[in-house]
Amino acid sequence: MKTHYYLGWFNNFFSENLGRVLQEDITDRKSLAMISSNPSIYEENGATERSWLDQAGIIFDEYHLINYRVQKEEAQTLIQDASVIFLLGGNTIKQNDFLMEYELSDSIKESRAIVMGASAGAINMSAKWLCSKNLGYKVEKSYVYDGIGLDDFSILSHFDLENNMALVQGELSPLSEVINIYASNKDCAVRVKGDKIDIFGNVYLISHSKIQKMDETL
């Protein structure tokens, strides 16, 4: 059964409740493969995201960081052998470019591993996402990127929704006519397990230009 976690950002680790659900889902802990969001900056090591799992008592036998130091073929092997794949937060565009260049999307989709993403990583797990200067990207022209497409929806993750609700709704309305969008701020998660979607924290659904707050189920 496929299990995907689309995370926001957690300043104070996972809550006890979310940590418990992750503990139950992540039973195979042989190997964690982390995919960089800034693969040419080798100082990035996924320490923050890894600390969330450590705090929840989820420890792996092996930890692997996939960036430009890892050859393309080796990266694909690490993905295939991983128990959990974690797309790190950071630079959404650079991570998207890296996924395409290393041809990792198909390997991730075919994997039996649990797939997690935080912030930028969660955005790139989704089917499509909007790159716009109004959503914090340093671009002049808006563009819709293709993500990995683990599930048929879009994600806006780790964005200050509460103070920008009208902006977000207006910016994402055109895309929401084509695909559902789940939008969240910090300390949030959307879990897809099989055909079921679960919600943790303040998550909003934008669909056909209408926005509604989702009920928590985790």
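Begin by selecting S154 together with its neighbours: leaving aside residues up to four places away in sequence, S154 touches S126, K128, W129, L175, I179, N180, I181 and Y182. Please note that the model on display is predicted.

Next, colour the strand that carries this serine. S154 is found in strand β8, which spans residues 154-156. Is S154 buried or exposed? Its relative accessible area is 2%, and S154 is therefore classed as buried, the limit being under 20%.

Now display the side chain of S154 and the backbone of K128. A polar atom of the S154 side chain lies 2.6 Å from the backbone oxygen of K128. K128 also appears among the residues that S154 touches.

The tour then turns to empty space. Rolling a probe the size of a water molecule over the atoms shows where such space is left. The structure holds one cavity of 30 Å³ or more, and the largest cavity contains about 60 Å³ of space.

To view its wall, select I123, W129, L130, L135, Y137, S154, I155, L156, L172 and I181, which line the largest cavity. W129 and I181 in this lining are also among the contacts of S154.

Which strands each supply at least two residues of this lining? They are β6 (128-131) and β8. The largest share, three residues, comes from β8.

Finally, colour the lining of the largest cavity by residue class: nine residues are nonpolar, one is polar and none is charged. The polar member is S154, the residue with which the tour began.

Conventions
Residues are numbered from 1 along each chain as its sequence is written. This is a predicted model: local features need pLDDT of at least 70, side-chain atom pairs count only at pLDDT 80 or more; totals for chains, interfaces and linings use all residues. Side-chain values use heavy atoms; hydrogens and water are left out. Helices (H or I, at least four residues) and strands (E, at least two) are DSSP runs, numbered from the N terminus. Buried means under 20% relative accessible area, exposed over 50%, partly exposed in between (1.4 Å probe, protein chains only). A polar contact is a pair of N or O atoms within 3.5 Å; within protein, one must be able to donate a hydrogen and the other to accept it, and residues adjacent in sequence count only if both atoms are side-chain atoms. Contact means heavy atoms within 4.5 Å. On a 1 Å grid over the protein atoms alone, a cavity is a set of points where a 1.4 Å probe fits but cannot get out, and a pocket is an open set with protein on both sides within 12 Å along at least five of seven lines; lining residues have an atom within 4 Å of a point. Grid points are joined across faces, edges and corners, and a volume is the space filled by probe spheres set on the points.
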